[in-house]
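This report covers selected helices, their packing and the salt bridges between side chains. The structure under discussion is shown below.

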Amino acid sequence: MAGSVASDDQKFCLTEVLDTFKLCLSENKEVYLEHYVAGWRGLVKFLNSLGSVFGFISKDAVNKIQVLVNYLNGENGSQYVTVQSMVKYELDNELVDLTKRGSHPESGCRTLLRLHRALRWLELFLERLRTSTEDSKTSVMCAESYNESLALYHPWVVRKAAGMAFCVLPGRPAFFEVMNVGPPEQVVAMLGEALPLISEVYQITEELYAQHLLLDLP
């Protein structure tokens, strides 16, 4: 019984991710870190539901999520309520390694940047899935999305391993099934609702990091 409860808890549901990203933005378009992290927890379930193929990304994401949760729950948690307040606090207090890895290798800014880059890959991949046809190859869609995003920051050996992993991806129906939404047309409709939200969170974060010259943190 306990096993089935645990597996249910780990089950991905696109609706949950949609609801979480709806909560991500404040009225003045600040990104709530708590909801961002919760959204990522859902995306990790999505990666894990497809087997070990995405293990190299999901394990790293889990570690990064935990770092941010520790900041949220720490003594300076009030400074980490939004991504904007985190960036200001860490920069004002020189808590970010700006040019080389130093005394703050797990700053909130650097940690979130790694999730931010991975979010772009998932956004691109899910958008391709949304607009794909029944005979579209998920391996091609995933590889193209990866090459446009995460691959730019990964060393050759990781890119090579990722390319091999994508080759064994299940077909489009399997992806739609793990969304736990319903028939394909419902999945497509819900992706159409969720992706603009994810995209907006991504763009706001991207512009904030660009403004503070944080997009290339070591």
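A residue is called buried when its relative accessible area is under 20%, exposed when it is over 50%, and partly exposed in between. The model described here is predicted.

## Leu126 and its surroundings

Leu126 is found in helix α6. With a relative accessible area of 5%, Leu126 is under the 20% limit and therefore counts as buried. Leaving aside residues up to four places away in sequence, Leu126 touches Phe46, Met179, Leu191 and Leu195.

Met141 is 15 residues from Leu126 in sequence, and the two C-alpha atoms are 8.9 Å apart in space.

## Annotated domain

The UniProt record, an unreviewed entry, places the feature "domain: Glycolipid transfer protein" at residues 32–180. In the model, residues 32–180 are 66% helix and 0% strand. The C-alpha atoms at the two ends of this stretch are 26 Å apart.

## The buried side of α2

Helix α2 spans residues 14–22, and its buried residues are Leu14, Val17, Leu18, Thr20 and Phe21. They cover an arc of only 165° around the axis, which means that they lie on the same side of α2.

Which helices help to cover the buried residues of α2? The cover includes α3 (33–49), α6 (108–131) and α10 (184–211).

## Packing of α6 and α7

Two packed helices are described by the angle between their axes and the distance between the axes. For α6 and α7 the angle is about 145°, and the axes are 8 Å apart. The crossing in which α6 passes α7 is right-handed.

On the α6 side, the residues that meet α7 are Trp121, Leu124, Phe125, Arg128 and Leu129. Their counterparts in α7 are Thr138, Met141, Cys142, Glu144, Ser145 and Tyr146.

## Salt bridges linking α6 and α7, and within α6

Side chains of opposite charge can pair when their charged atoms come close. How many salt bridges does a search of the whole structure find? The search finds eight salt bridges.

One of the pairs is Glu144 with Arg128, whose side chains meet at 3.2 Å, N to O. Glu144 lies in helix α7 (residues 138–147) and Arg128 in helix α6, so this salt bridge ties together parts that are 16 residues apart in sequence. Glu144 has 36% relative accessibility and counts as partly exposed. Salt bridges also link Arg128, Glu144 and Glu148 in a network.

Within α6, the side chains of Arg120 and Glu123 form a salt bridge, with a distance of 3.2 Å from N to O. Arg120 and Glu123 are three residues apart in the helix, so about one helical turn separates them. Arg120 is partly exposed, with a relative accessible area of 25%, whereas Glu123 is buried at 10%.

## A salt bridge to α10

Lys29 and Glu200 form a salt bridge in which the closest N and O atoms are 2.8 Å apart. Lys29 lies in the loop between α2 and α3 and Glu200 in helix α10, so the pair ties together parts that are 171 residues apart in sequence.

Are the two partners buried or partly exposed? Lys29 counts as partly exposed, at 41% relative accessibility. Glu200 also counts as partly exposed, at 29%.

Conventions
Residues are numbered from 1 along each chain as its sequence is written. This is a predicted model: local features need pLDDT of at least 70, side-chain atom pairs count only at pLDDT 80 or more; totals for chains, interfaces and linings use all residues. Side-chain values use heavy atoms; hydrogens and water are left out. Buried means under 20% relative accessible area, exposed over 50%, partly exposed in between (1.4 Å probe, protein chains only). Helices (H or I, at least four residues) and strands (E, at least two) are DSSP runs, numbered from the N terminus. The arc is that of the directions from the helix axis to the C-beta atoms. Contact means heavy atoms within 4.5 Å. A salt bridge is a side-chain nitrogen of Lys or Arg within 4 Å of a carboxyl oxygen of Asp or Glu. UniProt positions are given in the numbering used here, feature names are shortened, and annotations may be inferred rather than shown by experiment. Axes are lines fitted to C-alpha atoms, for helices over the stretch in contact, and angles run from 0 to 180 degrees between N-to-C directions. A crossing is left-handed if the near helix is turned anticlockwise from the far one by less than a right angle, and right-handed if clockwise.
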